[in-house]
Amino acid sequence: MAAIGPLREAGILRVIYKQLSPGDLRKLRAKSNDAQTGGGARDFRLPYRAFDPVMRKLLPQTRQEERRRNGARTTVDFHWGPVKFGTRGKEIEVVNLDWESPTDARPTEGRISRIHTHFNLPKEDPEFGAVLFLIMQHETEVRAHYAYERDLRDGKWNSELTQHILACMDNPNRRARSLAQGFIDCVEGLKYCHGIAGD
């Protein structure tokens, strides 16, 4: 995506972004355990309270499944929807992406589950800088992308998106060890950057 100018003028309704940590990259390789002894959830996690309203709009369909919550089997609502994903030179695929409410072990985090089955590995090169995972809701479809810090700083992405993400990444009040994650809701006129002291 190399559209110039405000997101709404480019036909984009909403965007969520998450800077990927080394642990997230291991999940994409289906190796989320540092000790390599098995287990480990293959998901991307986002702060549930802040992100849930936007994720429900990106993935508006619902279904119910049984999960264990508070030590008992209970019915949990999943939000899901079709998302297009493809990298340069690769065929576009459509995956059904799930958004799951918090588990007992992670009571403040929602989950985009089974990411290692949906998305290939991003390019990993120090010259590209940080890797960000984006989900973008267009007027007619939802797409997932990887964005690289170098491309953002070189102006290769939409200017409104670039300014917001870089301001989030570069904010001097970011909490220690937190990575940039947030969203832009062009319909509601909302912008959010998580992890800033005092938010």
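Two strands pair if DSSP finds at least two bridges between them. By that rule, β5 (residues 93–100) and β6 pair, because 2 bridges join them. The two strands run antiparallel. This is a predicted model. The points below cover strand β6, the nonpolar cores, the aromatic residues and three buried positions.

**Strand β6 and its partners**
- Strand β6 spans residues 109–113, and 4 of its 5 residues are buried, so the strand is largely enclosed by the rest of the structure.
- Strand β2 (residues 43–47) pairs with β6 in the antiparallel sense, over 5 bridges.
- On that side, D43 stands opposite S113 of β6.
- For E100, the bridge partner in β6 is R111.

**Nonpolar cores**
- The largest nonpolar core holds 29 residues.
- I16, M55, I112, F119, I135 and Y146 have the most contacts inside this core.
- Elements giving two or more residues to this core are the helices α1 (22–28) and α2 (48–58), together with the strands β2, β4 (72–85), β5, β7 (131–138) and β8 (142–148).
- Helix α2 gives the most to this core, with 5 residues.
- Another core lies apart from this one and has 21 residues, among them L7, Y17, L166 and I196.

**Aromatic residues and charges over rings**
- The whole structure contains 10 aromatic pairs.
- One aromatic cluster is formed by F44, F85, F119, F133 and Y146.
- Beyond four places in sequence, F119 touches L28, F85, V95, L97, F133, A144 and Y146.
- F85, F133 and Y146 are thus named both as contacts of F119 and as members of its aromatic cluster.
- R63 lies over the face of F78, at 4.9 Å from the ring centre.
- The charged end of K123 sits over the ring of F128, at 4.6 Å from the centre of that ring.

**R14, a buried charge in β1**
- R14 is in strand β1 (residues 12–19).
- R14 has a relative accessible area of 9%, and the cut-off for buried is under 20%, so R14 counts as buried.
- The R14 side chain makes a polar contact of 2.7 Å with the side chain of Q137.
- A polar contact of 3.1 Å joins the side chains of R14 and D185.
- Outside its neighbours within four places in sequence, R14 is in contact with V54, K57, L58, I135, M136, Q137, I184, D185 and V187.

**V15, next along β1**
- V15 also lies in strand β1.
- V15 is buried, at 0% relative accessibility.
- Residues up to four places away aside, V15 touches L7, I135, M136, L161, G182, F183 and I184.
- I135, M136 and I184 are listed as contacts of R14 and of V15.
- V15 and L58 are 43 residues apart in sequence, with 8.6 Å between their C-alpha atoms.
- In a regular strand, side chains alternate between the two faces of the sheet.

**D24 in α1**
- D24 is found in helix α1.
- D24 has 6% relative accessibility and counts as buried.
- Not counting residues up to four places away in sequence, D24 touches K18, Q19, D43 and F44.
- Of these contacts of D24, D43 stands opposite S113 in β6, and F44 belongs to the aromatic cluster.
- D24 and H116 are 92 residues apart along the chain, and their C-alpha atoms are separated by 9.8 Å.

Technical notes. Residues numbered from 1 in each chain as written. Predicted model: local features only at pLDDT ≥ 70, side-chain atom pairs only at ≥ 80, totals over all residues. Heavy atoms only, no water. Helix = DSSP H or I, 4+ residues; strand = E, 2+ residues; numbered from the N terminus. Buried < 20%, exposed > 50% of the residue type's maximum accessible area, 1.4 Å probe, protein only. Polar contact = N/O pair within 3.5 Å; in protein donor to acceptor, adjacent residues only side chain to side chain. Contact = heavy atoms within 4.5 Å. Core = buried A, V, L, I, M, F, W, Y, C linked by side-chain atoms within 4.5 Å. Phe/Tyr/Trp six-rings, centres within 6.5 Å; stacked < 30°, edge-to-face > 60°. Lys NZ or Arg CZ within 6 Å of the ring centre and 35° of its normal.
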